[in-house]
Amino acid sequence: MSTEKVLTKGSEYPPLEKGKLRHYSMRFCPFAQRSRLVLARKKIPHETVNIHMDVHPEWYSSKSALGKVPCLEINGRTLIESLIIAEYLDEAYEPKNVFFSNDPWKKAEQKILIEQYSGIFEPYYGLVKGSDGHKEAAEKLVKFLHAFEKNLKGDFFGGDHPDAVDYMVWPWFERLGAVSELRADFFDFSATEFPILTAWCTRMAADETVKATYFDRNTHTAVYRSLIDGKPDYDYGL
């Protein structure tokens, strides 16, 4: 049983068929988009249950102790954390190693770069959700993006095609246009300042796997505006 609209406090647990893979998600969560990208690219049969990020169903804490998404469930077992889920799906389902390299050294390098990228989270969310300190957050974000741009040597971080690094960092880049619009006084993700990363974004947006999970700038802007206003609309567009 899949759901589009989020389940919230008071929602009953949807019965899960034995052997069926369930993905607990939220349509606009960038962390959940990581696992959605893997599920889409590998065409893994599954069902999706969307969870309210702030007021989740009472039973959900037994699936994800912190109440976060994504979360996988199958046969009474659950997995949490977006990168762990992505790596599990890549190794457990055919074709294997589509995202992460099967070479241990190369895989370690991919995971290092993804871990380095996590440095974006503090300034990014400070800029989006913070009530003040936007100028400082924007400065940190710009500095980080310039440093990250230097790591892109080809069309993709994976070389001539996207790999785990490209897909695992993509969700936040998909939303940078919305951040630029909402915080225009402080931040602008433009081709003038970031020619390499913006060109990469254009190539990524044309990728069929990305298209399967993509929401446009106007949608992300509307959702972020609802967060800023204190009335998050996780069912936007439904």
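**Briefing: a helix pair, two cis peptide bonds and selected loop residues**

Lys43 sits in the loop that runs between α1 (30–42) and β2. The model is a predicted one, and this briefing covers the backbone at Lys43 and at other loop positions, followed by the packing of α3 against α6. Lys43 has a phi near 55°, which is a positive value in a residue other than glycine, and its relative accessible area of 68% places Lys43 among exposed residues, because exposed begins over 50%.

**Positive phi in loops**

- Besides Lys43, with its phi near 55°, Asn97 also has a positive phi, of about 55°, although Asn97 is not a glycine.
- Asn97 is found in the loop between α2 and α3, and its relative accessible area of 30% makes Asn97 partly exposed, whereas Lys43 is exposed at 68%.

**Cis peptide bonds**

- The peptide bond that leads from Val69 to Pro70 is cis, with omega near 5°, and Pro70 itself is placed in the loop between β2 (47–50) and β3 (71–74).
- A cis peptide bond also joins Glu94 to Pro95, here with omega near -10°, and Pro95 lies in the loop between α2 (82–92) and α3.
- The loop between α2 and α3 therefore holds Pro95 as well as the partly exposed Asn97, whose phi is positive at about 55°.

**Packing of α3 against α6**

- Helix α3 (residues 104–117) packs with helix α6 (residues 164–174) at an angle of about 15°, and the axes of the two helices are 9 Å apart.
- Because angles under 35 degrees count as roughly parallel, this angle makes α3 roughly parallel to α6, and the crossing in which α3 passes α6 is right-handed.
- On the α3 side the contact is made by Gln110, Leu113, Ile114 and Tyr117, which meet Ala164, Val165, Met168, Val169, Trp172 and Phe173 on the α6 side.
- Sorted by type, the residues of this contact between α3 and α6 comprise nine nonpolar, one polar and no charged.

**The loop before α6**

- Lys150 is placed in the loop between α5 (134–149) and α6, and with a relative accessible area of 62% Lys150 is exposed.
- Measuring from C-alpha to C-alpha, Lys150 and Gly19 are 44 Å apart in space, while 131 residues separate Lys150 and Gly19 in sequence.

Conventions: Residues numbered from 1 in each chain as written. Predicted model: local features only at pLDDT ≥ 70, side-chain atom pairs only at ≥ 80, totals over all residues. Heavy atoms only, no water. Axes fitted to C-alpha atoms, helices over the stretch in contact; angles between N-to-C directions. Helix = DSSP H or I, 4+ residues; strand = E, 2+ residues; numbered from the N terminus. Parallel < 35°, antiparallel > 145°, perpendicular 65-115°, else oblique. Left-handed = near helix turned anticlockwise from the far one by under 90°. Contact = heavy atoms within 4.5 Å. Nonpolar A, V, L, I, M, F, W, Y, C, P; charged D, E, K, R; others polar. Buried < 20%, exposed > 50% of the residue type's maximum accessible area, 1.4 Å probe, protein only.
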